[in-house]
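Reader: Hi! I'm in my first year and still learning to read structures, so could you take me through one part of this protein slowly, and then show me how the parts around it fit together?

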Amino acid sequence: MKVNEFFKTQYTKIKTRKESRVGPSNKTRIISLCVMVGVFLILFFLRYIPGYAEGYTRTITRFFQVIDGTLFSWIPFSLFEIIIILIVISVILWIVFFIIHTVKKGIKKSYIRIVDLGIVIASCLVLYAATVAPNYKRDPIDIPLQSELISDTNEYYTIGKYYQNDFNELANHFQFNEDGSMVRPYSYSEINYLMKEEYKKLDSDYYLSNTFNAKPMYILSWLYSQLQITGVTFPITGEPNFNIDAPTADLPFTIAHEIAHTKGIMREEDANLLAAYICLNSENEYLRYSGYLTTYFSLYSLVQATNIDDLYTDFCKSLSPIIIKNINYINNYWKTHDLFGSISRFFNDIYLMLSQSNTTEAYEDHEDTSSREEGGKIIYQINSYSPYQALLIKHYLSKK
């Protein structure tokens, strides 16, 4: 009897000690989660202090970018793809084990697993806020743009025709398939080399001096096409990645855009603008053609503002049939690859709003225009140039 009581007493002590350890452990986890959330919020809102974002980006963020980019650029494949696959597998396994544990132990015994998941997510948010989040609030991008309106609106036609003629001429230098798709003239490594040479021309300490290779996504490109995504930059590894299934003509602009993110540009409209600057200022025909595909349509409203119908009609009808066929192919490609496009835009809008109070409309180019009726005719007026128009006009004036 005494032996039984002894073992019973020892079992009770062990159970008590075990239970006593569970309480503090759970409490520590909850405290850790709260601390991480607090750190994230502090780091997230610090960027609204004037001068903080620019200073932080040029020092702390730049340090991480150099380390990550240098370390992972030696890996020839996209780590981002591997990490995404591992995350998906981990999430699936977590859900399965959570359900099993909940069924066996009950929800009261499983809530701590939700806390553990929260700690993992909060850790990622802290890492994000401590590296690239401030970039969204830094100073305006440092490239030459035209701000002063041209007084002689007839010059808008001259500018439009200058770029149209160049665009049309470039189209004659490439091979196109029967469906209008372009035959890629360079290998991925050659495109990266060309892009590095162009980025060397940036003469400003606004940008990170290092330029890292963009990596092709061989595994997930099919998915990203259905998500309407041409490229992704993964800040944790400093990798610019591009969708190999996207139309060939879009590739240089996409790569220039993703590289822009790794050089300290996080706002989407700024990355687009820098990519356009890099492509349009290039002597390489492939890069310049890709730059026109994105920026050319901003010239229509510019030429329309001449308010001379014959000039506008001439401009609209003079684009090369080769280019029109290529554009139609690109449009049809994205129309037929839109299985998850709405889902992608939904989550991208959430991300952009959390990062910079914007949505995917930030990808688009908008000018400030107005119109009035005068003598039975509509008069179009540009009050301020769109970013692409400001870039194109400045570039044109620099060539005169």
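Author: Happy to! Let's begin at helix α15, whose buried residues pack against α5, α8, α9 (268–280), α10, α11 (298–304) and β5 (377–384). Please keep in mind that this is a predicted model, and that every value below is computed from it.

Find residues 387–399 and you have α15 itself, a helix of 13 residues. From its first C-alpha to its last, α15 reaches 19 Å, close to the 18 Å expected at 1.5 Å a residue. Which of its residues are buried? They are Y388, Q389, A390, L391, L392, I393, H395 and Y396. Try colouring these in your viewer, then look for the partners of α15, among them α5, α8 and α10.

Now let's visit some of those partners. Two packed helices are described by the angle between their axes and the distance between the axes. For α5 (residues 155–171) and α10 (residues 285–295), the angle is about 125 degrees and the axes lie 10 Å apart. Angles between 115 and 145 degrees fall among those called oblique, so α5 and α10 are oblique to each other. Their crossing is left-handed. On the α5 side, the residues that meet α10 are Y163, D166, F167, L170 and A171; on the α10 side they are E285, R288, Y289, Y292 and L293. Sorted by class, this contact of α5 with α10 has seven nonpolar and three charged residues, and no polar ones.

While you are at α5, have a look at K161, which also sits in this helix. Is K161 buried or exposed? Its relative accessible area is 16%, and because buried means under 20%, K161 counts as buried. Leaving aside residues up to four places away in sequence, K161 touches D314, F315 and S318.

The next partner of α15 is α8, which has a packing of its own with another helix. Helix α6 (residues 188–199) packs with α8 (residues 251–262) at an angle of about 55 degrees, their axes being 11 Å apart. That angle makes α6 oblique to α8. The crossing here is right-handed. From α6, the contact uses Y188, I191, N192, M195 and Y199, while α8 brings L251, P252, I255, A256, I259 and A260. By class, the residues of this contact are ten nonpolar, one polar and no charged.

For another helix to check with a ruler, try α4 (residues 107–129). At 1.5 Å a residue, its 23 residues should span 33 Å, and the end C-alpha atoms are 32 Å apart, which agrees. Its buried residues are S110, I112, V115, G118, I119, A122, V126, Y128 and A129. One of these, A122, has its C-alpha 9.0 Å from that of C34, although the two residues are 88 apart along the chain. C34 belongs to helix α1 (residues 2–46), and at 53% relative accessibility C34 is exposed.

Finally, zoom out to the whole protein. You can count 15 helices and five strands. Of the 400 residues, 45% are buried. Among contacts with a separation of 6 or more, 75% join residues 24 or more positions apart.

How values were computed
Residues numbered from 1 in each chain as written. Predicted model: local features only at pLDDT ≥ 70, side-chain atom pairs only at ≥ 80, totals over all residues. Heavy atoms only, no water. Helix = DSSP H or I, 4+ residues; strand = E, 2+ residues; numbered from the N terminus. Buried < 20%, exposed > 50% of the residue type's maximum accessible area, 1.4 Å probe, protein only. Contact = heavy atoms within 4.5 Å. Axes fitted to C-alpha atoms, helices over the stretch in contact; angles between N-to-C directions. Parallel < 35°, antiparallel > 145°, perpendicular 65-115°, else oblique. Left-handed = near helix turned anticlockwise from the far one by under 90°. Nonpolar A, V, L, I, M, F, W, Y, C, P; charged D, E, K, R; others polar. Expected span 1.5 Å × (residues − 1).
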